[in-house]
Amino acid sequence: MQALIFDVDGTLADTERDGHQVAFNRAFADAGLDWYWDDALYARLLAVTGGKERIRHYIEAYDPPGVPEGDLDDFIRDLHEAKTRHFVRMMSDPGIPARPGVMRLFRQAREAGVRLAVATTTSPENVSSLLAHSFGPEVESWFEVIGAGDVVEAKKPAGDIYEYVLERMRLAPDQALAIEDSANGLRAATAAGLKTLITVADYTRGENFDGALAVFDHLGEAGNLPTQMAGPPLELAEDGLHLNHLQQLFSRGS
Ligand code: XBP
Ligand code: MG
């Protein structure tokens, strides 16, 4: 296991409910659109990854009011850019906490010479703002490759973003472990040939994670031990999963 490739939303931080969902609704209000994505609707819309793709799906599937005639590319792009400005601002005010244990794994990987990368559907500016404000100003530089958003044509569950990262790291799929939170992410990593560890998030808890090496509710921290939902039993440390646990899972493989 030469590298860890982290998903972002739901994996590094639980960014959907208090981040993206709010940012979308603020952008819709700014544009004078009578659109509101409540929890029940957003849970369904999350099946479509990528904010622009999600807005387009919403228009096609729900026929909401206020959609202009003709080509929608500019309309959707402008809405999504406004949403991204809201999300980036929210990463510093009020901010979204890093999920338990993620920073511990970053540090242990660096100490052990295990390379780090990101493979995400979200936009690059969202990754930069989340890393800076929820992990620290120097953390973005720890990642050799940040594969994000529109750098690939086909987003998750397509494997393209993981293939993009593997190619730039000159790694074969069996040399890296993916860490994800969603079924779309598991399918994307699996399509690229990667073994995957799942830490479920708020909106993804009930999804199907068959094929993952193991499923936990989070990586754990002192006083907040993780619960394992699937995979081989592990003798966890007093604060949860450490790099050696990921290496054990990886070498057992599935
Ligand atoms: C999660 C997504 C993203 C976010 C919204 O990405 O599917 O689309 O919901 O971000 P991941 P954007 O779990 O792969 O990190 O609006 O920037 O797409
Ligand atoms: Mg995710």
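The following questions and answers concern the metal site, the nonpolar cores and one helix pair of a predicted model.

Reader: Which protein residues are the donors of the magnesium ion (ligand 2), and how are they spaced in sequence?
Author: Three aspartates supply the protein donors, at 2.0 to 2.2 Å from the ion, with Asp7 and Asp181 contributing OD and Asp9 contributing O. Of these, Asp7 and Asp9 are buried. Written along the sequence, the donor residues Asp7, Asp9 and Asp181 have the spacing D-x1-D-x171-D.

Reader: Which element supplies the largest share of the largest nonpolar core?
Author: This core holds 39 residues, and Leu4, Phe6, Leu12, Phe106 and Phe143 touch the most other members. Elements that each supply at least two residues include strand E1 (3-6), helix H4 (73-92), helix H5 (102-112) and strand E2 (115-120). The largest share, five residues, comes from H5.

Reader: With which residues is Phe106 in contact, leaving aside its neighbours within four places in sequence?
Author: Phe106 is one of the residues that touch the most other members of the largest core. With neighbours within four places in sequence set aside, its contacts are Phe6, Leu12, Leu116, Phe135, Val139, Trp142 and Phe143.

Reader: Are H4 and H6 roughly parallel or roughly antiparallel to each other?
Author: Residues of H4, among them Lys83, Phe87 and Met91, meet residues of H6, including Glu125, Ser129 and His133, and the residues of this contact divide into four nonpolar, five polar and two charged. The two axes come within 8 Å and cross at roughly 10 degrees. Since angles under 35 degrees count as roughly parallel, H4 and H6 are therefore roughly parallel.

Definitions and conventions: Residues are numbered from 1 along each chain as its sequence is written. Chains are lettered from A and ligands numbered from 1 in the order in which they are written. This is a predicted model: local features need pLDDT of at least 70, side-chain atom pairs count only at pLDDT 80 or more; totals for chains, interfaces and linings use all residues. Side-chain values use heavy atoms; hydrogens and water are left out. A nonpolar core is a set of buried Ala, Val, Leu, Ile, Met, Phe, Trp, Tyr and Cys residues joined through side-chain atoms within 4.5 Å. Buried means under 20% relative accessible area, exposed over 50%, partly exposed in between (1.4 Å probe, protein chains only). Helices (H or I, at least four residues) and strands (E, at least two) are DSSP runs, numbered from the N terminus. Contact means heavy atoms within 4.5 Å. Donors are N, O and S atoms within 2.8 Å of the metal (3.2 Å for Na, K and Ca); water is not among the atoms, so sites may look incomplete. Axes are lines fitted to C-alpha atoms, for helices over the stretch in contact, and angles run from 0 to 180 degrees between N-to-C directions. Angles under 35 degrees count as roughly parallel, over 145 as roughly antiparallel, 65 to 115 as roughly perpendicular and the rest as oblique. Ala, Val, Leu, Ile, Met, Phe, Trp, Tyr, Cys and Pro count as nonpolar, Asp, Glu, Lys and Arg as charged, and the others, Gly among them, as polar.
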